[in-house]
Amino acid sequence: MIDKRYHVFICTSGVDMQAERVVLSQALVSQGFFSWGLEQRTPLTTAFARRQIDDCDYFVLLLGGCYGDLSASGVSYMHLEYIYAVTKQKPILVLMHEAPDSRAPELQEKTGEGKSKFSDFRQQLQRERDVVVSYRNMRDLEMAVRHAMPQMIERYPSAGWIRPQNTQKLQEEVDQLRQKIAQLELKNNVFREEAIQIPRVHPDELFSFDYKVHAYQDGNFKELRPQRKMKWGEILAVLGPGFSPAAPEENFSRVINEFLNQTSLGDVRQVMPRAHATARSQINIRALHTIKMQLKHNNWIVPSGRDNRQRLLWELTPQAEKTLMTMNQGKKAI
């Protein structure tokens, strides 16, 4: 099993909750959580707290008997952190003292305005949150945390943090999945080719296709669609070097379009005798697909794994290399 750790942001009213905060932190650490939060806030710490909330997996609000230090807007920093966590849709657990009026006087709000804001915020939490746990003393708080946090993980799964020593296990699982995907793709390609029933071709058989090209004459250019006839052996000779060593499938179009750029002037001059240059050759997409399928069906090119970008790689087969060698020997003999 992968050993995960979770980051918990602890939000309190301030130093009045120091004792509870210690108990909460210790309980979280004993369960394998990382805890973070600020006891003393200023306008300069707001951005830092928000970054911590952005990175946290769970947000725990610990409410005793105080509303906390006020920001310039008149809303306490504790309240602002809660609002920010809500907007970021963080899983929130509220741990609330059952009887805040019973706490020591120094642990309660001293002004009427402070008591009013504290009461309103407490009622807001009770209305809005479906996970509110009350506690009476430190023992209650510890037990509440130990019981509630596993439920939070089950109810709101999070990515968490994985120990570095487990990355090897994850990599092995990823590699196994990649192998299964490659096998399924191979089977799928075989099924497609069998369904289409593509006949094998001889290297001397002709294949006709059209392509787009920009032809330049007298300072202007015109887009043409010339026809090209090539033997399958010639097509293999053009594409073969592009897949030795193995290369991604987009090499089909890149290599053949580069070849057409170099050789299209002869086709173009049949309709534009004074053409002096060509550019931007692009083979018909249907013809390109037929060429891909035929080379695969002839067992001239096969998949050979994936690159670091997870692109499927194709490479020339020994059978294709033998075909090319036979063709070259035939040319020399002539």
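Strand 13 is mostly covered, with four of its five residues buried. In this predicted model, the strand spans residues 312-316 and makes a convenient starting point for a walk through the structure.

Strand 13 belongs to an open sheet of three strands, arranged in the order 10-13-12 with antiparallel pairing. The edges of this sheet are strand 10 (247-248) and strand 12 (301-306), each of which pairs on one side only. On one flank, strand 13 runs antiparallel to strand 10, and two bridges join the pair. Here tryptophan 314 of strand 13 is the bridge partner of alanine 247. On the other flank, four bridges link strand 13 to strand 12, again in the antiparallel sense. Within strand 13, leucine 312 is the residue that stands opposite arginine 306.

The connection between strands 12 and 13 deserves a look of its own. The two strands form a hairpin with five residues between them, and glutamine 310 in the turn has a positive phi of about 65°. Aspartate 307 also lies in the loop between strand 12 and strand 13. Is aspartate 307 buried or exposed? Its relative accessible area is 15%, and because buried means under 20%, aspartate 307 counts as buried. This loop residue can also be placed relative to the edge strand 10 side of the sheet: aspartate 307 and alanine 247 are 60 residues apart in sequence, yet their C-alpha atoms are 8.5 Å apart in space. Alanine 247 is thus described twice here, as the bridge partner of tryptophan 314 and by its C-alpha distance of 8.5 Å to aspartate 307.

A second site of interest centres on threonine 278, a residue of strand 11 (residues 277-283). Threonine 278 has a relative accessibility of 17%, so this residue, too, counts as buried. Its side chain is joined to that of serine 264 by a polar contact of 2.7 Å. Leaving aside residues up to four places away in sequence, threonine 278 touches Val213, His214, Ala215, Tyr216, Asn261, Ser264, Leu265 and Val268. Serine 264 therefore appears both in this list of neighbours and as the partner in the polar contact, under the 4.5 Å limit for contact.

Turning to internal space, the structure holds one cavity of 30 Å³ or more. The volume of the largest cavity is about 60 Å³. Its lining is made up of Arg41, Thr45, Thr46, Ala49, Arg50, Tyr77, Leu80, Glu81 and Tyr84. Two or more lining residues come from each of helix 2 (46-55) and helix 3 (77-87). Which element gives the largest share of this lining? That element is helix 3, with four residues.

Finally, the cysteines were examined. Cysteine 11 has 0% relative accessibility and so counts as buried, and cysteine 66, at 8%, also counts as buried. How many disulfides does the model contain? With a disulfide taken as a pair of cysteine sulfur atoms within 2.5 Å, the count comes to zero.

How values were computed. Residues numbered from 1 in each chain as written. Predicted model: local features only at pLDDT ≥ 70, side-chain atom pairs only at ≥ 80, totals over all residues. Heavy atoms only, no water. Buried < 20%, exposed > 50% of the residue type's maximum accessible area, 1.4 Å probe, protein only. Pairing = 2+ DSSP bridges. Polar contact = N/O pair within 3.5 Å; in protein donor to acceptor, adjacent residues only side chain to side chain. 1 Å grid on protein atoms, 1.4 Å probe; cavity = no way out; pocket = protein on both sides within 12 Å on 5 of 7 lines; lining within 4 Å. Points joined across faces, edges and corners; volume = space filled by probe spheres on them.
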